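Colleague: I'd like a close look at one part of this model, with enough of the surroundings to place it. Could you walk me through it?

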Amino acid sequence: MLREDGIVFDDGTTARMGQNEYVMTTTTANAVTVFRHLEFCRQCLWPEMDVQLISTTEAWAQFSVAGPNARKLLEKIVDQDISDAAFPYMAAGNITVGGLRARLFRISFSGELAYEIAVPTRYGDALLREMLAKGAEYDPIVYGTEALGVMRIEKGHVAGGELNGTSTALNMGLGKMVSKKKDSIGMVLSQREGLTDEDGYRLVGVRPVDPKASLTAGSHFLEKGVAPVAANDGGWLTSKVYSPHLGCDIALGYLKAGDRKIGQRMRIVNLLAGLDTEVEIISPHMFDPEGERLRG
Amino acid sequence: MVSLQSLTALGKREATIVTHGPMTITERTDVALASLAARKGRMADLDKAAKAAGVPLPGPATHRTGTPYSAFWTAPEMWFVEAPYATHELIADLLKTAFGESASITEQTDAWVAFDLAAADLTPVLERLCNVDFYFVPAGYATRTVMEHLGVYLIKHDLGAARIYGPRSSAESLLHAIKTAAHSLW
C-alpha cells in the first residue's frame, strides 16, 4: 500500500473470503492509520463505491503455524482437507475446527511452509494448547517476533526497518508490484525522476566476508579504500540478525544501485561502534530463494 | 475430534460478577454481536428484510430492544445487532441469510467485552467515567464515547441499568476503570 506521494505506507495481506467479502491485515503498528486511510478513500475519494468497512481485529485469535510439519500438525486440528492440492499456497477460506467456525490462510512471513489459523477469540487459548498437545510428535514450540525477525531477514521480507517512510516499492525490489497499466494511489508520484533513478537505493542482502565478524544496523556502505565521509556514503544497513541457517551475521540494507552490485565486496562502517568490516553484497533472498520450503 | 473450551475476555471459565457498594458489574458472555451495514442504495431492501427478520433499526444514538434481536445505531445506515449467544452463536451467518445482498454483515461477538452495570442510579459513576450526561439522556440512548483511554459504546437501558461494550483485549483495564470510579463513590 502506497501513500499518495509514492512512498510505501504499509504492507499486509488481503484475502477474499466470499463473493463480496475481503479481510485485510496490516502491520500491527499501522492498523489504525490504514483503517483511517481506507475510510478516507471510501468516504472522500470514491463515495460512489459500494464498500463497507469495519475492524475485526479483536473478533479473532489468529496464530501462525510455521515449519516443515505445519500441515501435518494442522491436519490433526481442522476438519477439512488441507493437502497441497486442496489448499495450495496463498489459499484462504472459512473452515471448521471440531465444528467451530474458523479461518485458514496459507500465507508465510517466515519463509517456511506456514498457515495462519483463526478462531473466535474466546477459543484462542484453547486452540494454542490443543495445537501444542496434538502436534507433540512434531516438537512444536511457540515462537515470537525475535525468531520471526531472523526468518524474515533470511527471506528478504521487508518490515519496520525498511518500511521507514522514505522508501518506495522500487527501493525494496518490489517495483513490479506497482502496475502501470492501471491507476492506484501513489502510482503516478512513484514515477518521479528522483524516485526512479537507476542509481537509487535498492534492497540488498549483506554478509561479512569473515563469518565471525559482526554487523550493526545503521552502519553505512562504503567502497573499499575511501574515506568514511558523507560524500562517499553508499547507503545503510536497515536490519541485522545472526542467522543460524547461514552461520553468520546477515543484514538487509539500502545500497545505491544495489541491484547491480550483487556479488561485489564493500565495507560496512559504523564510526560510533568503531566498526569497519568487509562484506559481500548478496541477494536479499538469502535463504531458500526459490521458495521451495513455503510451497512445500 | 478437537473440542475447544472457551475463556471469557477476563481469562476465566465463567463470566465475572463484581459487586461494589450498591452497584453490580456483570460481564456478559452470552450476547452474540454482529455489525449490519446497508449496501449502497439498498436501504429500502434492508428495511424490508429487517422487518421480516425482526431486527430493529433504531435511529441515531438509539438502542432498541427486541426478541431475539436487539440493535443500536453506530453510524449512518449501520448498526450493531445483539442476540442471545446460546441460540445465535452464528449470528453473522443468520443475518447474512436474512439480509442477502442488501447489507454487509461482519461477526463482532468476540471483538468486544460487555459489562452490564446495575444500581439504583448509575449517574454518579458514569459521570466520572465518560462525558455522557447520563441522567438527562433518555432510556434507550446509545453512543460511542471514551472511558479512560478506551473507545467504548454506552447503552442506557434506564437510570439504573446500562451496558458498556469495550475492546475485548482491554477488558481488565475497562473493568478496573469502572471499579475505580465506583470506589471513589462507595
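To start with chain A: how far apart do the C-alpha centres of domain 1 of chain A and domain 2 of chain A lie? After that, please carry on to the contact with chain B and what lies beyond.

Modeller: Bear in mind that this is a predicted model. The C-alpha centres of those two domains of chain A are 30 Å apart. The domain assignment puts domain 1 of chain A at 13-148 and domain 2 of chain A at 152-282. As for where they touch, 4 residues of domain 1 of chain A are in contact with 4 residues of domain 2 of chain A. On the domain 1 side, that patch splits into 2 nonpolar and 2 polar residues, with no charged ones.

Now for the contact between the chains. Here 19 residues of chain A are in contact with 23 residues of chain B. Two elements of chain A each give two or more residues to its side: strand E5 (100-105) and helix H3 (124-134). The largest share is from H3(A), with 4 residues. By type, the chain A side divides into 9 nonpolar, 4 polar and 6 charged residues.

Over in chain B, there's an open sheet of 6 strands, running in the order E1-E2-E8-E11-E10-E9 with antiparallel pairing. Strand E1 (17-20) and strand E9 (141-147) of chain B each have a single partner strand, so they stand at the edges with one side lacking a neighbour in the sheet. From one strand to the next, the twist averages 20°. Zooming in on one edge, E9(B) pairs with strand E10 (residues 150-158) of chain B over 7 bridges, in the antiparallel sense. Looking across to E10(B), you'll find B:Tyr153 opposite B:Arg144.

Last, the nonpolar cores. The largest one has 83 residues, and those with the most contacts inside it are B:Val81, B:Ile91, B:Leu95 and B:Ile178. Helix H5 (residues 171-185) of chain B gives the most to this core, namely 7 residues. B:Ile91 is a handy one to click on: leaving aside neighbours within four places in sequence, B:Ile91 is in contact with B:Ala32, B:Leu33, B:Ala34, B:Val81, B:Ala83 and B:Thr109. There's also a second, separate core of 24 residues, which includes A:Val158, A:Leu215, A:Phe221 and A:Ile268.

Definitions and conventions:
Residues numbered from 1 in each chain as written. Chains lettered and ligands numbered in written order. Predicted model: local features only at pLDDT ≥ 70, side-chain atom pairs only at ≥ 80, totals over all residues. Domains from an automatic or database assignment. Contact = placed C-beta atoms within 7 Å. Nonpolar A, V, L, I, M, F, W, Y, C, P; charged D, E, K, R; others polar. Pairing = 2+ DSSP bridges. Axes fitted to C-alpha atoms, helices over the stretch in contact; angles between N-to-C directions. Core = buried A, V, L, I, M, F, W, Y, C linked by C-beta atoms within 7 Å. Buried ≥ 20, exposed ≤ 12 C-beta atoms within 10 Å, placed from the backbone.
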